[in-house]
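Work through the exercises below with the sequence and the 3D view at hand. Try each task before reading its solution.

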Amino acid sequence: MEIDPERGNGGKNMADVLVVTSKVKKYIKEKATFNTSAETIEVLSKAVEALCQRGIESAKNDGRKTVMARDINIDHL
(Lines give C-alpha, C1' and ligand atoms only; values in the text may rest on other atoms or scores of the structure.)
Protein backbone atom coordinates (compact mmCIF):
# COMPACT_ATOMS: atom_id res chain seq x y z
CA MET A 1 0.00 0.00 0.00
CA GLU A 2 1.41 3.36 -1.07
CA ILE A 3 1.34 6.16 1.49
CA ASP A 4 0.34 9.63 0.34
CA PRO A 5 2.44 12.11 2.39
CA GLU A 6 -0.31 14.75 2.16
CA ARG A 7 -2.97 12.50 3.73
CA GLY A 8 -3.68 12.26 7.41
CA ASN A 9 -6.15 10.27 9.51
CA GLY A 10 -9.35 9.27 7.79
CA GLY A 11 -8.04 10.32 4.39
CA LYS A 12 -8.28 14.02 5.25
CA ASN A 13 -5.79 16.27 3.56
CA MET A 14 -3.21 17.52 6.07
CA ALA A 15 -3.87 21.07 4.82
CA ASP A 16 -7.33 20.79 6.44
CA VAL A 17 -5.74 20.67 9.91
CA LEU A 18 -5.50 24.27 11.11
CA VAL A 19 -4.07 23.61 14.58
CA VAL A 20 -0.68 22.25 15.54
CA THR A 21 -1.51 18.79 16.85
CA SER A 22 1.66 18.37 18.89
CA LYS A 23 1.17 21.72 20.63
CA VAL A 24 -2.47 21.01 21.48
CA LYS A 25 -1.57 17.59 22.87
CA LYS A 26 1.33 19.04 24.85
CA TYR A 27 -0.85 21.82 26.29
CA ILE A 28 -3.56 19.42 27.44
CA LYS A 29 -0.99 16.99 28.85
CA GLU A 30 0.80 19.76 30.78
CA LYS A 31 -2.38 21.39 32.11
CA ALA A 32 -4.29 18.27 33.08
CA THR A 33 -2.13 15.18 32.36
CA PHE A 34 -4.89 14.04 29.98
CA ASN A 35 -4.54 12.45 26.56
CA THR A 36 -6.04 14.04 23.43
CA SER A 37 -8.10 12.16 20.85
CA ALA A 38 -7.77 12.69 17.11
CA GLU A 39 -11.37 13.86 17.05
CA THR A 40 -10.45 16.70 19.40
CA ILE A 41 -7.93 17.99 16.85
CA GLU A 42 -10.55 17.78 14.10
CA VAL A 43 -13.12 19.71 16.17
CA LEU A 44 -10.59 22.42 17.09
CA SER A 45 -9.53 22.71 13.46
CA LYS A 46 -13.16 23.09 12.34
CA ALA A 47 -13.65 25.77 15.00
CA VAL A 48 -10.61 27.70 13.75
CA GLU A 49 -11.86 27.35 10.17
CA ALA A 50 -15.27 28.75 11.17
CA LEU A 51 -13.66 31.68 13.01
CA CYS A 52 -11.49 32.44 9.98
CA GLN A 53 -14.48 32.29 7.65
CA ARG A 54 -16.40 34.73 9.86
CA GLY A 55 -13.35 37.01 9.88
CA ILE A 56 -13.15 36.87 6.09
CA GLU A 57 -16.82 37.78 5.77
CA SER A 58 -16.45 40.66 8.25
CA ALA A 59 -13.44 42.09 6.41
CA LYS A 60 -15.22 41.68 3.07
CA ASN A 61 -18.30 43.49 4.40
CA ASP A 62 -16.06 46.36 5.52
CA GLY A 63 -14.45 46.53 2.05
CA ARG A 64 -11.08 45.30 3.29
CA LYS A 65 -8.83 42.52 2.05
CA THR A 66 -7.12 42.13 5.41
CA VAL A 67 -8.66 40.10 8.23
CA MET A 68 -8.01 41.92 11.48
CA ALA A 69 -8.35 40.92 15.12
CA ARG A 70 -11.61 42.87 15.32
CA ASP A 71 -13.05 40.55 12.66
CA ILE A 72 -12.61 37.51 14.91
CA ASN A 73 -15.34 37.42 17.55
CA ILE A 74 -15.25 34.67 20.12
CA ASP A 75 -18.46 35.18 22.05
CA HIS A 76 -18.43 31.95 24.04
CA LEU A 77 -14.99 32.27 25.66
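**Exercise 1: a pair in a helix**

Glu57 and Lys60 form a salt bridge, with their closest N and O atoms 3.7 Å apart. A salt bridge here is a side-chain nitrogen of Lys or Arg within 4 Å of a carboxyl oxygen of Asp or Glu. The model is predicted: local features need pLDDT of at least 70, side-chain atom pairs count only at pLDDT 80 or more, and totals for chains, interfaces and linings use all residues. Residues are numbered from 1 along each chain as its sequence is written, and side-chain values use heavy atoms, with hydrogens and water left out.

Task: state where Glu57 and Lys60 lie, and whether each is buried, partly exposed or exposed.

Solution.
1. Find the helix. Both residues lie in α2, residues 38-61. Helices (H or I, at least four residues) are DSSP runs, numbered from the N terminus.
2. Count the spacing. Glu57 and Lys60 are three residues apart, about one turn of the helix.
3. Apply the cut-offs. Buried means under 20% relative accessible area, exposed over 50%, partly exposed in between (1.4 Å probe, protein chains only).
4. Classify. Glu57 has 31% relative accessibility, so Glu57 is partly exposed. Lys60 has 52%, so Lys60 is exposed.

**Exercise 2: a network**

Task: find which residues are joined with Arg64 into one network by salt bridges that share partners.

Solution.
1. Recall the principle. Side chains of opposite charge can pair when their charged atoms come close.
2. Take one partner. Arg64 bridges to Asp62, with the closest N and O atoms 3.0 Å apart.
3. Take another. Arg64 and Asp71 meet in a salt bridge at 2.8 Å, N to O.
4. Join them. Shared partners link Asp62, Arg64 and Asp71 into one network.
5. Check burial. Arg64 is buried at 18%. Asp62 is partly exposed at 48%. Asp71 is buried at 2%.
6. Place the result. The whole structure holds four salt bridges.

**Exercise 3: around Asp71**

Task: list what Asp71 touches, and name the backbone nitrogen that its side chain reaches.

Solution.
1. Locate the residue. Asp71 sits in the segment after α2.
2. Find the backbone partner. The Asp71 side chain reaches the backbone nitrogen of Met68 at 2.7 Å.
3. List the contacts (heavy atoms within 4.5 Å). Leaving out residues up to four places away in sequence, Asp71 touches Arg54, Gly55, Ser58, Ala59, Asp62, Arg64 and Thr66.

**Exercise 4: the two helices**

Task: describe the length and burial of α1 and α2, then what follows each helix.

Solution.
1. Get the expected span: 1.5 Å times one less than the number of residues.
2. Check α1, residues 21-32. Its 12 residues reach 16 Å from first C-alpha to last, close to the 16 Å expected.
3. Check α2. Its 24 residues reach 35 Å, close to the 34 Å expected.
4. Look at burial. One of the 12 residues of α1 is buried, so α1 lies largely in the open. In α2, Ile41, Ser45, Leu51, Gly55 and Ala59 are buried.
5. Find the packing. The buried residues of α2 pack against α1.
6. Step past the ends. Just after α1, Thr33 has a positive phi of about 55°. After α2 comes Gly63, with a positive phi near 75°.

Conventions: Helices (H or I, at least four residues) and strands (E, at least two) are DSSP runs, numbered from the N terminus. A polar contact is a pair of N or O atoms within 3.5 Å; within protein, one must be able to donate a hydrogen and the other to accept it, and residues adjacent in sequence count only if both atoms are side-chain atoms.
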